[in-house]
Amino acid sequence: MNSFTILGTGSSVPPHRVTNDDLAQMVDTSDEWISTRTGIRERRVLTTQTLTDLAVEASRRALEQAQVSPKELDLIICTTLRGDYLTPAEGCVIQEELGASCPAFDLNAACSGFVYALDVAAGYYARGAVKKVLIVSMEAMSQMLDWTDRSTCVLFGDGAGAVVLGEGDDLLAIALTAKGNREALSIPHIHGHSPFLEKKEAAPIRLSMQGQEVYKFAVSSICRGVKKAMAQAGLTPEKVDHVLFHQANMRIIEAAQKRLGIPDDRYHNNIDQYGNTSSASVVILLDEVNRAGLLKRGETLVLCAFGGGLTTGTAVMRWSR
Ligand code: ACO
């Protein structure tokens with residue numbers, strides 16, 4: 001497949017740590033419950049910085065590693081559930097901050113956003129329309145949670161991650177799905193103050209989720225997606241060198257891991273430090289694994305995410321840096 005290669009990665013998380021013990025001071029929960037049910041020990045939360053600040057920092061780090069200047073970018077795709085603005089798109093805000101001059105837009109596929117963006121970018125490369133692309137995934141989950149609801153506020157964190165793509169053929173397979181469902185997971189928007197609206201809604205933005213429904217969906221869809229993408233790429237489980245799953249719940253990852261037959265030492269996780277950062281999760285993890293020097297030229301990676309929508313995305317890639 002004529003697609004792209006990853007030239008550089010970057011990430012940025014806020015410095016403020018919120019531990020499970022901190023949360024136990026706010027809602028009826030405990031470090032024991034959270035860590036055994038989810039694998040999360042702490043998460044990062046925005047205090048003084050904006051989400052845009054994180055995204056710009058992650059993008060600059062990826063550009064620096066790729067040795068690509070912002071002026072060379074042909075496209076910016078930003079993935080987010082909600083940026084700092086409804087308009088302009090965060091892609092445009094980041095373009096301005098970086099001093100780039102290419103087209104830019106936002107894409108919302110919830111936690112699967114980064115993998116969806118890889119697929120969109122692949123289309124641009126396939127028709128020869130771009131040479132250098134920035135994908136930046138940014139999420140301020142802390143600003144969409146009900147901090148009195150123990151069943152959701154313990155699960156999420158804030159962060160941003162970015163990749164710079166160049167011409168290549170390292171996307172070996174990609175599989176996306178969507179199954180419309182508002183009951184399992186949703187964050188309704190605020191409708192504003194139109195005087196014509198008959199029903200005035202003053203409720204703040206708030207995430208609600210049927211945890212067990214999402215859990216079952218996640219395990220089965222990860223297994224289906226990874227098997228399909230491995231088959232498309234002609235890979236057997238032993239030939240997969242690195243697995244980076246969406247960091248939503250360690251028990252989801254372990255359940256999928258048991259069913260997939262990929263050796264346990266291929267899995268990378270950082271959920272204990274950041275919780276679920278939605279679409280930023282896989283790309284923050286990719287940046288950490290890359291910067292730790294764990295990825296060798298020619299190795300294969302499986303990236304897999306799932307989330308609101310309900311959506312899923314799985315990509316099989318070769319590493320060529
Ligand atoms: N501390 C203590 N007790 C809690 C907490 C908490 N933080 N949260 C829930 N409980 C209680 C419940 O009230 C319930 O009590 P009860 O039995 O007295 O009614 C009990 O724990 C069990 O609750 P369950 O919801 O059955 O717990 P479960 O084992 O299913 O774990 C969890 C809940 C962690 C949410 C799990 O279902 C899960 O991870 N689901 C998937 C979530 C997910 O992946 N979401 C991300 C989607 S990504 C996106 O798009 C944003």
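Which residues come nearest to the ligand? Select the ligand in this predicted model and show what surrounds it. Of the 26 residues around the ligand, Thr-29, Arg-37, Cys-111, Gln-212 and Asn-249 come nearest.

**Stop 1: the ligand**

Start with the polar side chains. Thr-29 places a polar side-chain atom 2.6 Å from a nitrogen atom of the ligand. Arg-37 does so with an oxygen atom of the ligand, at 2.5 Å. Next, display the backbone of Gly-308, where a polar atom is 2.8 Å from an oxygen atom of the ligand. Taken alone the ligand exposes 1,000 Å², and the protein buries 75% of that.

**Stop 2: helix H8**

From the ligand, move to Asn-249, one of the residues that come nearest to it. Asn-249 also caps the N-terminal end of H8, with a side-chain oxygen 2.7 Å from the backbone nitrogen of Arg-251. Now select residues 250-260, which form helix H8. Its buried residues are Met-250, Ile-252, Ile-253, Ala-255, Ala-256, Gln-257 and Leu-260. An α-helix has 3.6 residues a turn, so residues three or four places apart point the same way.

What covers the buried residues of H8? The cover includes helix H2 (31-38), helix H7 (211-233) and helix H9 (271-274), together with strands S11, S12 and S13. Just after H8, check the backbone of Gly-261, which takes a positive phi of about 75°.

**Stop 3: the sheet that contains S11, S12 and S13**

Select the strands among those covering elements and extend the selection to the rest of their sheet. The sheet is open, has five strands in the order S8-S14-S13-S11-S12, and its pairing is mixed. Strand S8 (171-181) and strand S12 (267-268) stand at the edges; each has a single partner strand, so one side of each is left without a neighbour in the sheet.

Inside this sheet, look at strand S11 (residues 242-245) and strand S13 (residues 300-307), which run parallel and are joined by four bridges. To find the register, label Val-243, which stands opposite Val-302 in S13. Then add helix H10 (residues 281-291), which lies across S11, S12 and S13 and runs at about 145° to S11.

**Stop 4: the other five-strand sheet**

Now show the open sheet with the order S1-S7-S6-S4-S5, also of five strands and mixed pairing. Its edge strands are S1 and S5, each pairing on one side only. Neighbouring strands of this sheet are turned by 20° against each other on average, direction ignored.

Select S4 (residues 75-79) with S5: the two pair in the parallel sense over four bridges. Ile-77 stands opposite Phe-105 in S5. Helix H3 (residues 51-66) packs on this sheet, where it touches S1, S6 and S7, and its direction makes about 130° with that of S1. H10, seen at the previous stop, packs here as well, touching S1, S6 and S7, with its direction at about 90° to that of S1.

**Stop 5: strand S7**

Is S7 mostly covered or mostly uncovered? Colour S7 by accessibility: the strand is mostly covered, with nine of its 11 residues buried. Both of its pairings are antiparallel, one with strand S1 (residues 3-12) over nine bridges and one with strand S6 (residues 133-140) over eight bridges. For landmarks, label Phe-4, whose bridge partner in S7 is Glu-167, and Glu-139, which stands opposite Gly-159 in S7.

**Stop 6: two buried loop residues**

Follow the chain out of S7 (158-168) to Asp-170, in the loop between that strand and S8. Why does Asp-170 count as buried? Its relative accessibility is 2%, and buried means under 20%. Leaving aside its neighbours within four places in sequence, Asp-170 is in contact with Ser-3, Phe-4, Thr-5, Val-316, Met-317, Arg-318 and Ser-320. Phe-4 is the bridge partner of Glu-167 from the previous stop.

Finish at Ser-112, in the loop between strand S5 (104-107) and helix H5 (113-126). Ser-112 is buried, with a relative accessible area of 0%. Not counting residues up to four places away in sequence, Ser-112 touches Ala-305, Phe-306, Gly-307, Thr-311, Thr-312 and Gly-313. S13, where residues 300-307 lie, was shown at the third stop.

Definitions and conventions: Residues numbered from 1 in each chain as written. Predicted model: local features only at pLDDT ≥ 70, side-chain atom pairs only at ≥ 80, totals over all residues. Heavy atoms only, no water. Pairing = 2+ DSSP bridges. Contact = heavy atoms within 4.5 Å. Axes fitted to C-alpha atoms, helices over the stretch in contact; angles between N-to-C directions. Buried < 20%, exposed > 50% of the residue type's maximum accessible area, 1.4 Å probe, protein only. Near = heavy atom within 4 Å. Polar contact = N/O pair within 3.5 Å; in protein donor to acceptor, adjacent residues only side chain to side chain. Areas by Shrake-Rupley, 256 points an atom, 1.4 Å probe, with all protein chains shown as cover.
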